Amino acid sequence: MNDRPAASRIPIIKIGTHLIVPIQVDMTDQMVNDLQINVLAAIERTGARGVLIDISVLEMVDSFIGRMLSGIARMASVMDAAVVIVGMQPAVAITLVELGLEMKGIDYALNIEDGMVLLDQRLQESEA
Amino acid sequence: MAQTGKAGKMSERTIKNLHQRLNQLEDVLASAAAMKLNVRLEVTEDDELASTEEAINVLLEDFSALLEERKRAEAELQERLQTIQRQQEAINELSTPVIKVWEGLLVLPIIGTLDSQRTQRMMESLLQQIVATGSKMAILDITGVPVVDTMVANHLIKTITAAGLMGAECILSGISPNIAQTIVHLGIDLTGIKTKSTMMEAMRYAIRANGQKIVNVARADQPRPQEAPADE
Amino acid sequence: MIVPDHEQVLDRLPLKAEIDIVYIRQLVRQRGKEHGMGLIDQTRITTAASEVLRNMYVYAKGGETTISLVSVKGRSGLLVTCRDQGPGIRDIQLALQDGYSTVNSLGSGLPGARRLVDCLELESEVGRGTTVQLLKYLP
């Protein structure tokens, strides 16, 4: 994993108790798998309580990517972290609904700002 | 008719004249056949053939007029068709307006029957506006939708689900008792979708959900309301 | 299977490495765009193609994709054909069956792909290979 060129790694940025994952390239299946592993490792390493995945640049989400995102959400919840996906494009949203893909355990927000507010909310709720 | 030299025989000049006129006739008729109707025969003699020539000229005149009339009618029809097309487009635009009522709230009043094409357009329009305006909430009002069948319901559900994936919540309002009955009878599952019977209720919900409320503000020309005595 | 009245092959591409899935589906989108497809339809055909290409890579370890401009019953459309010489699909009905899910990982993604295009046809023989056709009409 560490010998992969930097350009093909999706960045994971820590902001407070949250992680931001901006997906800005059309991912190969290998990148998708690596991302899942890396995000979960980062949650464990940082003790993050929220993960914000920014897909505002993604023009396509197929079932493989959808499964990866669901996987992150499922495993993140086991590690007590909430997941929010932000910036889904209209064409992607429509296609996902038509694909019949159901991604459970994920929140959705319009943009990073709203997403961070949502993660803070989930954090408060879990500590209440 | 023709001048005869000897009894029964036509003079050479007459024959030549007849030839000429018959050729002219042929040319004019050929022209007419090719839809060039602005030709006419030159009638110089005054004999039986001349009356035929005049008759043909009248015929050509009539045909000319008819053709002009037809072209005019066709042009008018084209123009009307174009007007209808323009009006259709205008109706399409009007029929799926997405209105930003205030920060973060869109209203989509749906009026008329929903077919596949129209619903697709409406869905795209709403989702695009959600992104463009950054609105987290949208009210889809179906007061003006006469019939809600499974297809319409599915389209609405698809739109609302897609908006949800984008981070916007949709409220379905304007559900009459009739439509509510239909929805139940058809076994349409609206779980997870917020529904309100009227637009007003939907607006109230949206305002509350946004952490806001509407208050009455004292008017300048009215006395301030008496302060209630503080409880001890 | 779809038999066009007229077919103009735009691209013929081998699928050998995993990265080809990305490259080919991007080209599918581009061809759709070039021929007037709206953004949402572009996304639909691209997503459907991604599902089929992945199947081809995962189960057959590769194959060939053709992107063509076709005319079917007088309507013009984009046809994406994925041909492989892999193990073939034993139970085609099952593979195309809805509920043969896309989320719970055992799915082939085909039922979902079928919903995204105007026509999906599949031909397969165990031990010989599989051909999948995706047709999306152009505006």
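**Helix crossings between three chains**

Let me begin with one pair of helices, where the axes of H3(A), which is helix H3 of chain A, and of helix H2 (residues 39-60) of chain C come within 9 Å and cross at roughly 45 degrees. Please keep in mind throughout that what we are looking at is a predicted model. Two packed helices are described by the angle between their axes and the distance between the axes. An angle counts as roughly parallel only under 35 degrees and as roughly perpendicular from 65 to 115, and H3(A) and H2(C) are therefore oblique to each other. As for the hand of this crossing, H3(A) passes H2(C) in a right-handed way.

Which residues make this contact? From H3(A) they are A:Ala91, A:Val92, A:Ile94, A:Thr95 and A:Leu99, and from H2(C) they are C:Leu39, C:Ile40, C:Thr43, C:Arg44 and C:Thr47. Sorted by class, the residues of this helix contact comprise 6 nonpolar, 3 polar and 1 charged.

Let me now step back from this helix pair to the whole contact of chain A with chain C, to which chain A brings 20 residues and chain C brings 22 residues. On the side of chain A that touches chain C, two or more residues come from each of helix H1 (29-46), helix H2 (63-78) and H3, and H3(A) gives the most, with 6 residues. The classes on that side of chain A are 7 nonpolar, 6 polar and 7 charged.

Next, I would like to follow H3(A) to its other partner in this talk, which lies in chain B. Here the axes of H3(A), residues 90-99, and H3(B) come within 9 Å and cross at roughly 130 degrees. Since roughly antiparallel requires an angle over 145, H3(A) and H3(B) are therefore oblique to each other, and H3(A) passes H3(B) in a right-handed crossing. On the chain A helix, the residues are A:Pro90, A:Ala93 and A:Ile94, and they meet B:Met123, B:Glu124, B:Leu127, B:Gln128 and B:Val131 on the chain B helix. This contact holds 6 nonpolar residues, together with 1 polar and 1 charged. You may notice that A:Ile94 is named in the contact with H3(B) and also in the contact with H2(C).

The contact between chains A and B as a whole takes 12 residues from chain A and 15 residues from chain B. On the chain B side, helix H3 (116-133) and helix H4 (150-165) each supply at least two residues, and by class that side has 7 nonpolar, 5 polar and 3 charged residues.

Finally, let us turn to the chains themselves, beginning with chain C. Chain C has 4 helices and 5 strands, which follow one another along the sequence as β-α-α-β-β-α-α-β-β. Its C-alpha atoms fill a box of roughly 35 × 30 × 30 Å along the principal axes, and its radius of gyration of 14 Å agrees with the value near 14 Å that a compact globule of 139 residues would have.

And is chain B compact or spread out? Chain B has 6 helices and 5 strands, running from the N terminus as α-α-β-β-α-β-α-β-α-β-α. For 232 residues the globule rule gives 17 Å, whereas chain B has a radius of gyration of 39 Å, well over that value, so chain B is more spread out than a compact globule. Along its principal axes, the C-alpha trace of chain B spans about 145 × 55 × 35 Å. The domain assignment gives this chain a domain 1 (12-91) and a domain 2 (99-209), and the centres of these two domains, taken over C-alpha atoms, are separated by 62 Å.

Methods
Residues numbered from 1 in each chain as written. Chains lettered and ligands numbered in written order. Predicted model: local features only at pLDDT ≥ 70, side-chain atom pairs only at ≥ 80, totals over all residues. Contact = placed C-beta atoms within 7 Å. Nonpolar A, V, L, I, M, F, W, Y, C, P; charged D, E, K, R; others polar. Axes fitted to C-alpha atoms, helices over the stretch in contact; angles between N-to-C directions. Left-handed = near helix turned anticlockwise from the far one by under 90°. Domains from an automatic or database assignment. Rg over C-alpha atoms; globule rule 2.2 N^0.38 Å.
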